[in-house]
Amino acid sequence: MFLVFRIVVVVVSLVWSLLYPLMVVEWELGWGALLIAKPIPIILNIAYQATVLNRTGTEISTILMIVSLCVQVIADECLILDEAVWKTFFLIGLGFFLIGHIFNATAFSLGPQKGDERPKLHWLRLIPFVIVGIAIYVFLLTVGEMPSIPVIIALVFYIGAIGAAGWRASARIGYQYDSTATQVLKMLGYCLYICSDGALAIDAYAEPFKNKLIRNLVVYFTYYPANALITISLPRQPNNNDAAASAQAPTTVAAREASSSRQSLSPMATAGPSAV
């Protein structure tokens, strides 16, 4: 079931990466129709993660990821309203996306259950995200018109939040409660997310794309697959350490029971000769 659901999530994200830009540029659908169409792949991701949560129980990290996707839906709607109704909606949408990245960064920093060991910090894995973040920020400030002070401050926080989420996603690779393969997908998903948001920011504040269709294809061929890869990194699969621990568990229990039996018999063995 989960394999089929994963395939559906990936296929829909790829199809929508092509269809949605066509809806905006070629078919010129009204903003009301776009409000319905745009979040469909994200809602599908929410459905998948909710199904995983129902199967695995209350995993704090999964709950936070679902909340992040719900916030993204609101942010996406704001970006549509920005073009159709009121330009300030862009910054509002940016704020909601920032909140979503904070939820994801927190989710990726937690164990599956309360009390479980958390992923290590892996400070060295932060370095590439810092370099890319600084490069994007400098590019935005030096190419094109200088953004306003509120926008500059917002970009600092946003780039920091998405970089932190990418770093925490990379820190889960090798984590004892995760499958390495699925967590590589999660990290790649966030790298695509950074590419999507970087293209959107460059278009808005530095060097606008000359072709609107190409702009939308670049943004959405990275945005929708990014969310799909992050989503299919669930459910959590035990790695080799988990499997080894599970294999050793019966032996450990048996050993404890045998030890307990020997301890209960030892006073009787000591008392026997003295009674005689």
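Helices here are DSSP runs of at least four residues, numbered from the N terminus. The model is predicted, and the tour below begins in its first named helix.

**Stop 1: Leu18 and its distant partners**

Select Leu18, which is found in helix H1. With a relative accessibility of 42%, Leu18 counts as partly exposed, because that value falls between the 20% and 50% limits. Next add Phe221 to the selection: it stands 203 residues away from Leu18 along the chain, yet the two C-alpha atoms are separated by 7.2 Å. Setting aside residues up to four places away in sequence, Leu18 touches Leu217 and Phe221.

**Stop 2: two residues with positive phi**

Move on to Glu28, in the loop between helix H1 (2-26) and helix H2 (31-37). The phi angle of Glu28 is near 50 degrees, a positive value in a residue other than glycine. Glu28 counts as exposed, since its relative accessibility is 63% and the cut-off for that class is over 50%.

Then select His122, placed in the loop between H5 and helix H6 (126-142). For His122, phi is again positive, near 50 degrees, in a residue other than glycine. Here the relative accessible area is 29%, so His122 is partly exposed.

**Stop 3: the largest nonpolar core**

In soluble globular proteins, nonpolar side chains tend to be buried together. The largest nonpolar core of this model has 65 residues, and among them Tyr20 and Tyr193 touch the most other members. Select Tyr193 and display its surroundings: apart from neighbours within four places in sequence, Tyr193 is in contact with Gln72, Phe97, His101, Ile162, Tyr223, Ala226, Asn227 and Ile230.

**Stop 4: the largest cavity**

Rolling a probe the size of a water molecule over the atoms shows where empty space is left. In this model, the count is 2 cavities of 30 Å³ or more. The largest cavity holds about 90 Å³ of space. Which residues lie closest to its centre? Of the 14 that line the largest cavity, they are Ser61, Arg172, Asp178, Lys186 and Leu234. Colour helix H4 (60-84), helix H5 (89-108) and helix H8 (180-205) to see the elements that give two or more residues to this lining. H4 provides the largest share, 3 residues. By class, the lining of the largest cavity comprises 5 nonpolar, 4 polar and 5 charged residues.

**Stop 5: the second largest cavity**

About 40 Å³ of space lies in the second largest cavity. To display its lining, select Gln49, Met65, Ser68, Leu69, Gln72, Asn104, Asn227, Ile230 and Thr231. H4 and helix H9 (212-231) each supply at least two of these residues, and H4 gives the most, with 4. How many residues of each class line the second largest cavity? There are 3 nonpolar, 6 polar and no charged residues.

**Stop 6: Gln49**

Finish at Gln49, one of the residues lining the second largest cavity. Gln49 is found in helix H3 (residues 40-56). Is Gln49 buried or exposed? Its relative accessibility is 1%, so Gln49 counts as buried, the limit being under 20%. Display the side chains of Gln49 and Thr231 together: they make a polar contact at 3.2 Å. Beyond neighbours within four places in sequence, Gln49 is in contact with Thr62, Met65, Ile66, Leu69, Thr231 and Leu234. Within that set, Met65, Leu69 and Thr231 also line the second largest cavity, while Leu234 is among the residues closest to the centre of the largest cavity.

Key. Residues numbered from 1 in each chain as written. Predicted model: local features only at pLDDT ≥ 70, side-chain atom pairs only at ≥ 80, totals over all residues. Heavy atoms only, no water. Buried < 20%, exposed > 50% of the residue type's maximum accessible area, 1.4 Å probe, protein only. Polar contact = N/O pair within 3.5 Å; in protein donor to acceptor, adjacent residues only side chain to side chain. Contact = heavy atoms within 4.5 Å. Core = buried A, V, L, I, M, F, W, Y, C linked by side-chain atoms within 4.5 Å. 1 Å grid on protein atoms, 1.4 Å probe; cavity = no way out; pocket = protein on both sides within 12 Å on 5 of 7 lines; lining within 4 Å. Points joined across faces, edges and corners; volume = space filled by probe spheres on them. Nonpolar A, V, L, I, M, F, W, Y, C, P; charged D, E, K, R; others polar.
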